[in-house]
Amino acid sequence: RLGITCLMDRNGYICFGPNCGNLIIQWIRLEVHQGNHYQSFPIAFKYGAFAILINTNDSDANNIYRISAGGATNSGFYYSFTFGDKKDCFAVCFGI
C-alpha cells in the first residue's frame, strides 16, 4: 500500500504519503470579494504550504483587478482582491 489519501470534492486534496515525501496538493474553489481575507485549507499541512497559486475564473476585459495570496499558515492562507464585484476563484496549494 502506498499510503495515498484524498478527498475528491469541490475543495479537496491528494496526500501522496511517505513514499512521496508526504506531498499534499490541495484545491479550493471560492467566491472572492474586495479586501483582505483568510481561507482555510481542506486539510492542514504538517509543515506548511510552500506554494499557493490563485486566480479568478473570469475574463472581464473591461475591468482590471488583481488577486494575490500570501501569509500562509499550516491551516490556511490570506488573500487580497482589488475589485468590488464578487468573482469566482480557484486556488491550488502545495505543501507537506
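This is a chat between a trainee and a mentor about a predicted model of one protein chain.

Trainee: Before we start, what kind of model is this, and how are residues numbered?

Mentor: It's a predicted model, where local features need pLDDT of at least 70, side-chain atom pairs count only at pLDDT 80 or more, and totals for chains, interfaces and linings use all residues. Residues are numbered from 1 along each chain as its sequence is written, and side-chain values use heavy atoms, with hydrogens and water left out.

Trainee: What's the mean pLDDT of the chain?

Mentor: The mean is 89, and 93% of the residues reach 70 or more. pLDDT is the predictor's confidence in each residue, from 0 to 100.

Trainee: And where is confidence lowest and highest?

Mentor: Lowest in β6, at a mean of 88, and highest in β2, at 96. As a general habit, where pLDDT is low, don't read the predicted coordinates in detail.

Trainee: OK, how many helices and strands are there?

Mentor: Zero helices and eight strands. Both are DSSP runs numbered from the N terminus: helices are H or I with at least four residues, strands are E with at least two.

Trainee: What are the spans of the C-alpha trace?

Mentor: About 50 × 25 × 15 Å along the principal axes.

Trainee: Let's do the sheets. What's the strand order in the five-stranded one?

Mentor: That open sheet runs β1-β2-β3-β8-β5, with antiparallel pairing. Its edge strands are β1 (5–7) and β5 (49–56), and each pairs on one side only. Two strands pair if DSSP finds at least two bridges between them.

Trainee: How much are neighbouring strands turned against each other there?

Mentor: By 15° on average, direction ignored. The axes are lines fitted to C-alpha atoms, for helices over the stretch in contact, and angles run from 0 to 180 degrees between N-to-C directions.

Trainee: Zoom in on β2 and β3. How many bridges do they have?

Mentor: Four, in the antiparallel sense, between β2 (residues 12–15) and β3 (residues 24–32). For example, Cys 15 has Ile 24 of β3 as its bridge partner.

Trainee: What about the loop between β2 and β3, which residue should I look at there?

Mentor: Try Asn 22, which lies in that loop. Asn 22 has a positive phi of about 60° although it is not a glycine.

Trainee: Is Asn 22 buried, partly exposed or exposed, and why?

Mentor: Asn 22 counts as partly exposed because its relative accessibility is 37%. The rule is that buried means under 20% relative accessible area, exposed over 50%, and partly exposed in between, with a 1.4 Å probe and protein chains only.

Trainee: And what share of the whole chain is buried?

Mentor: Of the 96 residues, 32% count as buried.

Trainee: Next sheet. What's the order in the three-stranded one?

Mentor: β4-β7-β6, an open sheet with antiparallel pairing. β4 (35–40) and β6 (67–70) are the edge strands, each pairing on one side only. Here the average turn between neighbouring strands is 25°, direction ignored.

Trainee: How many bridges join β4 and β7?

Mentor: Six, again antiparallel, with β7 covering residues 76–81. In β7, Tyr 79 is the bridge partner of His 37, and Phe 81 is the bridge partner of Gly 35.

Trainee: What sits on the other side, with β6?

Mentor: β6 and β7 pair in the antiparallel sense over four bridges. Phe 81 turns up here too, as the bridge partner of Ile 67. β6 and β7 form a hairpin with five residues between them, and Gly 71 in the turn has a positive phi of about 65°.

Trainee: Back to β4. What does Gln 39 touch?

Mentor: Gln 39 lies in β4 and touches Ile 28, Leu 30, Ser 75, Gly 76, Phe 77 and Tyr 79, not counting residues up to four places away in sequence. A contact means heavy atoms within 4.5 Å. Gln 39 is buried, at 19% relative accessible area.

Trainee: Last topic: how many aromatic pairs are there?

Mentor: Four. Rings of Phe, Tyr and Trp (its six-membered ring) pair if their centres lie within 6.5 Å; planes under 30 degrees apart are stacked, over 60 edge-to-face, and the rest tilted.

Trainee: Why is the pair of Phe 41 and Phe 77 called tilted?

Mentor: Because their planes are at 35°, with the ring centres 5.7 Å apart. Phe 41 is in the loop between β4 and β5 and Phe 77 is in β7, 36 residues apart. Phe 41 is buried at 7% relative accessible area, and Phe 77 is buried at 0%.

Trainee: Which residues form the aromatic cluster?

Mentor: Phe 41, Phe 45, Phe 77 and Tyr 79.
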